[in-house]
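This report covers a mixed sheet, two helix pairs and two loop residues. Please read it alongside the sequence and the coordinates.

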Amino acid sequence: VAPLLFSETELFLGHQTLIRHNPLGAVIISLELTIFGFNEIAVRLHSIIFTLLTSYFVYRVTRLYRTKKTALLAGLITLYIPIIFYFGNVAYLDSGVTFFFTTASFYYLRYFKNRNFNDLILTGFIASLGFLYKDIMIIFLAVIGLFFISNIRKHLDLKIDLKNHFYLMWIILIVALPWTIYMSLFREFKYEFIFTNILNPEVLIHWIRLLPSLITEPLFILFVLGFFYLIFKKKDSLSYFLLIWFLVFYLFPLMENIAFTKILESRWNFLNSGAGGRAILPLMPVVAIIIAIFVEDFRKKTNIRFTYVSTIFFLYLSLFTFNFTQDSLTWKSNGSYLTPKYYSSTITPYHSYLPYDDIFFYFQQNIGSDAKIVTPISNEPSGFYLKKYDLNNRILLEKINLKTSEYATDFLFDYCINNNVGYALLFEWQVSNRETNEDLLKNIQYEYDKFRLQKEFHYKNGSVYLYNCGNFN
């Protein structure tokens with residue numbers, strides 16, 4: 001099956017830094033593209049499906065311990081939380097992480113409620129698939145471990161429960177350990193954990209400051225009220241599980257640091273990057289369930305009809321969700337809808353607004369075979385469009401980190417000459433800090449003997465310029 005899956009997609013996948021993660025994500029994307037072809041809907045299909053299934057399993061998790069109306073409200077909120085909706089429509093892997101975590105949690109909580117060992121087997125199976133999808137799933141072990149300890153007095157037969165959890169741990173580790181060992185030997189980066197991060201108050205409140213811009217301020221207020229409501233009211237198993245889930249997934253990304261082993265002194269983490277919203281995406285089911293519990297309990301005490309409450313949530317979230325996907329998750333916006341008081345560094349790139357189809361169609365029609373094009377973009381879907389327009393064997397798109405200085409044009413020119421590069425594709429509006437080069441864009445228009453503008457592509461935030469590189473004296 002592997003040659004069939006990857007023959008058409010290996011070049012595309014090779015460009016995707018998101019496929020640095022575990023193999024199941026690559027297999028799923030390969031299936032999508034092999035079956036449905038290289039188009040924008042196919043490459044996002046996994047995110048759409050995972051988001052819908054996450055909403056369904058949020059309903060089922062809530063329904064284990066709460067009324068049907070509470071469960072319906074939780075599922076509705078999950079589906080339309082702006083950050084969930086956004087990542088349900090792009091090609092990142094993170095919607096799948098949220099799905100696997102929520103689904104494994106459902107089967108585990110159902111085991112804890114009914115003591116059916118088959119549910120524990122399903123928990124291990126889903127968690128193992130989740131790890132093969134993305135290794136962040138390994139912290140599911142921490143969640144169920146802490147939950148087991150917090151409920152130790154409720155175990156009917158502690159010895160049997162310990163044995164069952166031992167089996168569950170090995171079901172997950174039997175899958176996780178070989179891949180972890182393999183990747184520790186061959187992966188070009190490694191994970192580090194800076195535990196002292198959480199001792200810094202400013203770091204500790206990072207997600208709390210970011211959360212209003214991801215779910216809207218009114219929902220954030222409801223979540224905070226619901227969180228304290230859950231803490232101070234009489235707690236059941238669902239309450240304990242939600243609080244532990246939130247605590248673990250809140251703290252873990254704050255401590256995570258990625259060291260690129262082939263790039264000296266190169267470090268990446270969620271605190272200094274644009275991936276903040278993605279980092280806490282698996283927290284959104286917890287947020288939705290806590291809001292639903294609080295709102296439904298308040299509704300019953302005030303005798304407000306459920307139809308009114310659900311309709312208000314649907315209309316409100318629909319309004320802001322569609323606006324959110326169009327404008328808020330950009331490098332220039334913190335996504336806040338009222339009065340923003342906290343501007344996070346960045347959330348996610350603005351790649352969806354770049355005129356890829358125009359650019360690569362132009363390449364297809366006007367750029368000769370064996371052409372080399374250099375571009376500062378490093379983490380975007382150029383590989384997808386190379387394949388979509390059948391340019392893999394005609395054009396080599398090289399990606400470099402341009403130096404921001406008054407000598408940027410000299411650096412680019414020397415690179416083009418020394419590497420036989422004929423074209424440079426440059427962006428007027430910086431797509432990320434790594435690709436910012438105002439000096440280059442300002443000065444290159446005066447270097448007529450080295451660079452000549454061949455084509456300008458317009459988009460929402462500016463222009464993309466295709467320059468010829470060479471000696472034009």
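Two strands count as paired if DSSP finds at least two bridges between them. By that criterion S4 pairs with strand S6 (residues 423-427), since two bridges join them, and the two strands run parallel. The model is a predicted one.

**The sheet**

Strands of a sheet pair through backbone hydrogen bonds, either parallel or antiparallel. In this model, five strands make up an open sheet with mixed pairing, and their order is S5-S4-S6-S8-S7. The edges are taken by S5 and strand S7 (451-459). Each of these has a single partner strand, so one side of each has no neighbour in the sheet. On average, neighbouring strands are turned by 25° against each other, with direction ignored.

Strand S4 spans residues 371-375, and four of its five residues are buried. S4 pairs with strand S5 (residues 395-399) in the parallel sense over five bridges. One residue-level match on that side is Thr375 with Lys399 of S5, which are bridge partners. Towards S6, Val374 has Ala424 as its bridge partner.

Helix H18 (residues 356-366) lies across S4, S5, S6, S7 and strand S8 (462-469). Its direction is at about 140° to S7.

**Two loop residues with positive phi**

Two residues that are not glycine have a positive phi: Asp390 and Asn420. The table gives their values and places.

| Residue | Phi | Loop | Relative accessible area |
|---|---|---|---|
| Asp390 | about 55° | between helix H19 (382-388) and S5 | 55% |
| Asn420 | about 55° | between helix H20 (408-418) and S6 | 64% |

Are these residues buried or exposed? A residue counts as exposed when its relative accessible area is over 50%. Asp390, at 55%, is therefore exposed. Asn420, at 64%, is exposed by that cut-off too.

**Helix pairs**

Helix H13 (residues 217-232) packs with helix H14 (residues 237-255) at an angle of about 125°, and their axes are 10 Å apart. This angle makes H13 oblique to H14, because it falls outside the ranges for roughly parallel, roughly antiparallel and roughly perpendicular. The crossing of H13 and H14 is left-handed. On the H13 side, the contact is made by Phe223, Phe227, Leu230 and Ile231. The H14 side contributes Ser239, Leu242, Leu243 and Phe246. By class, this contact of H13 with H14 has seven nonpolar residues, one polar residue and no charged residues.

What is the crossing angle of helix H3 (residues 23-36) and helix H8 (residues 117-133)? Their axes cross at roughly 80° and come within 5 Å. H3 is therefore roughly perpendicular to H8, a term used for angles of 65 to 115 degrees. Pro23, Leu24, Gly25 and Ile28 of H3 make the contact with Leu129, Leu132 and Tyr133 of H8. Sorted by class, the residues in the contact of H3 with H8 are six nonpolar, one polar and no charged. Gly counts as polar in this scheme, so Gly25 of H3 is the polar residue in the contact.

Note on methods. Residues are numbered from 1 along each chain as its sequence is written. This is a predicted model: local features need pLDDT of at least 70, side-chain atom pairs count only at pLDDT 80 or more; totals for chains, interfaces and linings use all residues. Side-chain values use heavy atoms; hydrogens and water are left out. Buried means under 20% relative accessible area, exposed over 50%, partly exposed in between (1.4 Å probe, protein chains only). Axes are lines fitted to C-alpha atoms, for helices over the stretch in contact, and angles run from 0 to 180 degrees between N-to-C directions. Angles under 35 degrees count as roughly parallel, over 145 as roughly antiparallel, 65 to 115 as roughly perpendicular and the rest as oblique. A crossing is left-handed if the near helix is turned anticlockwise from the far one by less than a right angle, and right-handed if clockwise. Contact means heavy atoms within 4.5 Å.
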